[in-house]
Amino acid sequence: MSYLGIDLGTSGLRALLCDEAGVPLASAERHYEARHPGSGWSEQDPADWIAALEGAVAELKAQAGWAALRGIGVAGHMHGAVLLGADDAVLRPCILWNDTRSFAEAARLDAMPEFREISGNIVFPGFTAPKLDWVRAHEPEVFAAVAKVLLPAAYLNLYLTGDHVADMSDSAGSAWFDTGRRDWSDALLAAGHMSRAQMPRLVEGSAPAGRLRPGLASAWGLSQPVTVAGGAGDNAAAACGTGALDEGQGFVSLGTSGVLLAARDGYHPLPGSALHTFCHAVPGRWYQMGVMLSCTDSLNWLARIAGMRPAELTAPLGEALQAPGRVRFLPYLSGERTPHNDAAIRGAFTGLGAETGRDEMTRAVLEGVAFGLRDSAEALRGAHAQLEHLLAIGGGSRSRYWLRLIATVLGMPLHLPSSGEFGAALGAARLGLLAATGAAPETVITPPATAEVIEPVAELVAAYDAAYQRFGPAYRAIREIQ
C-alpha cells in the first residue's frame with residue numbers, strides 16, 4: 001500500500017508518496033506566490049493551491065506505487081481564513097498567517113479574559129478570529145455572505161472529500177477553539193460574531209475525515225477507495241514527521257523563523273509567556289511551542305549586507321565554540337513572538353567598537369538567535385515541559401558551530417537525524433496511514449535514526465548562562481528607546 005502526504009506551505013506545495021513503512025517512493029513540488037495588496041497584508045488565492053496539488057499529482061501518477069494509494073493526509077499553514085459562500089464559492093482571497101492588518105481586532109479580542117482562559121493562547125493578529133472581525137468591519141458585504149470559514153488544510157480536505165472537515169491541531173490556532181476540551185467554543189465564537197454552523201466538522205488528525213471523491217479518484221487513476229485523514233497544522237505534522245509524540249520529545253527548527261516545540265501528554269496552557277498551546281494531531285495529546293520570527297533570517301540579513309552567502313559568513317568561525325563575545329545582537333528584525341508578543345520591537349547591535357569586524361558581528365548574530373531560542377526553552381520550562389534533548393532540523397542545522405552554541409545555551413544535547421524525510425509531508429503521510437489502517441499512533445509516529453549528537457560545551461555553559469542573563473534586560477532597554 002502507499003500513502004500520500006501533502007504539505008501545503010506558504011510558498012509552495014509538496015506531495016510525498018510513501019510506502020507502508022514510511023519509506024519515500026516519490027515526491028513532487030509546485031510553487032505559488034502570496035500577494036500583498038496593502039501594508040502588512042498577505043493573501044493567496046486558494047485556486048493556486050488546487051492547481052499546485054493537481055500539478056503534483058499529475059507528476060506522481062507516473063510513479064511506481066501510485067495505483068496502491070490508500071490514504072491521504074494534508075498538512076497546512078495555520079491560521080489562514082478561507083471564506084466560503086453558501087455554494088462553497090471562495091468569497092475573497094485567503095488572509096494568511098503572516099498578515100498583520102487585524103492587529104487592532106486582535107488586541108480587542110485578547111482583552112476579553114475568556115479568550116486566553118478558553119483557547120489557552122494570546123490572540124495574535126495572525127490568528128483566524130481577528131481576521132474575521134476585520135472583514136466584519138471593513139468588508140461587511142463579504143462578512144454577511146460567509147457560510148463557512150475553513151483553514152487552508154481544511155479547504156484541501158473539502159476539495160478531496162466534498163465535506164467541510166478540519167482537525168483539532170489546526171483548529172486550535174483559530175482563537176475560537178476550546179483547546180483543553182478539543183471542541184469549538186460557543187462563547188468565543190459569539191464574542192467574535194461567528195457561529196458553530198459556520199465552522200467545519202471536527203475530527204482528530206489521525207482519524208478518517210472522509211473518502212476521496214469518486215470523480216477525483218477516477219481522474220487520478222485510482223480504482224480502490226482512498227481514505228482522507230483529518231490532517232494537521234504544519235507544526236503538528238512536523239511533530240508527527242519527527243516522532244515528537246510523547247512528553248519529553250521535541251525539536252528545534254532552525255528555519256527562516258525558529259520553532260522550539262515540545263510534545264505534551266496533557267493540557268498545560270501558559271498564554272502570558274506567548275507560548276502557543278495547541279492540540280496535537282493524535283487524540284489525548286497536545287503540544288507547545290515557542291516561536292522567534294527571525295532565526296536564519298537574521299544570518300541571511302547580515303549575509304546580504306556583507307555581499308556573502310551565510311555559509312561564507314560562518315566558515316571563519318570554525319567548529320570549536322568560542323566564549324561569548326562583547327558584541328550583542330537582538331534578533332528582532334520583524335518583531336518577536338515568544339516571549340514578548342511585540343510586533344513593534346526591532347533588532348539592534350550593542351557593544352560595537354572600532355576593533356569590531358565581520359566575524360564578531362557574525363558570532364553576535366548566532367548568539368542572539370541562540371538566546372532567543374533559550375527564551376522559548378525557558379517559557380516551556382515554566383509550563384513544566386520535560387525536555388532532555390531536542391531533534392535539530394532546518395537549514396541552520398548545517399552549521400556545527402551554531403549547533404554547539406545552541407546546545408550550550410539551552411543546556412541540552414541536540415540530536416541530528418540521519419538523512420531522509422522527517423518533516424511535515426512525512427507527518428501528513430503518516431496521518432493518512434493511521435486513518436486508513438487504524439494502526440496505533442505509537443507504532444507509526446516514531447523518531448528518525450540519530451546520525452550525530454551535539455553535546456553542550458561544558459566549560460562554556462556558565463559563561464553563556466551569564467551572557468543570557470544580560471539578554472533580557474537588553475531587550476527592555478532597547479524597547480524603551482526605539
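Leaving aside neighbours within four places in sequence, aspartate 234 is in contact with four residues you can look for in the structure above: Gly76, His77, Met78 and Ala424. Keep in mind as you look that this is a predicted model. Aspartate 234 lies in helix α10, which covers residues 234-242. Is aspartate 234 buried, partly exposed or exposed? Its relative accessible area is 25%. Buried means under 20% and exposed means over 50%, so aspartate 234 counts as partly exposed. There is also a note about this residue in a database: the UniProt annotation "active site", from an unreviewed entry, covers Asp234.

The same database describes a longer stretch of the chain. In an unreviewed entry, UniProt lists residues 3-241 as "domain: Carbohydrate kinase FGGY N-terminal". Over residues 3-241, 34% of the chain is helix and 25% is strand. The C-alpha atoms at the two ends of this stretch are 14 Å apart.

Now step back to the whole chain. Its secondary structure comes to 18 helices and 24 strands. The radius of gyration is 22 Å, close to the 23 Å that the globule rule gives for 482 residues, so the chain is as compact as a globular protein of that length. Along its principal axes, the C-alpha trace spans about 70 × 50 × 40 Å. Buried residues make up 57% of the 482 residues. Contacts tell you about the fold too: among those between residues at least 6 apart in sequence, 72% join residues at least 24 apart.

How many cavities of 30 Å³ or more does the structure hold? There are two of them, and the table sets out their volumes and the classes of their lining residues.

| Cavity | Volume | Lining by class |
|---|---|---|
| Largest | about 50 Å³ | eight nonpolar, three polar, no charged residues |
| Second largest | about 30 Å³ | four nonpolar, three polar, two charged residues |

Which residues should you look for around the largest cavity? Its lining includes Thr128, Val149, Leu150, Leu151, Trp176, Trp184, Met199 and Pro200. Ala166 also belongs to this lining, and Ala166 turns up again in the lining of the second largest cavity. Among the other residues lining the second largest cavity are Asn157, Asp167, Asp170, Gly230, Gly231 and Ala232. Helix α6 (152-161) and strand β9 (165-167) each supply at least two residues of that lining. Which element gives the most to the lining of the second largest cavity? That is α6, with three residues.

Terms used
Residues numbered from 1 in each chain as written. Predicted model: local features only at pLDDT ≥ 70, side-chain atom pairs only at ≥ 80, totals over all residues. Heavy atoms only, no water. 1 Å grid on protein atoms, 1.4 Å probe; cavity = no way out; pocket = protein on both sides within 12 Å on 5 of 7 lines; lining within 4 Å. Points joined across faces, edges and corners; volume = space filled by probe spheres on them. Nonpolar A, V, L, I, M, F, W, Y, C, P; charged D, E, K, R; others polar. Helix = DSSP H or I, 4+ residues; strand = E, 2+ residues; numbered from the N terminus. UniProt positions renumbered as here; feature names shortened; annotations may be inferred. Buried < 20%, exposed > 50% of the residue type's maximum accessible area, 1.4 Å probe, protein only. Contact = heavy atoms within 4.5 Å. Rg over C-alpha atoms; globule rule 2.2 N^0.38 Å.
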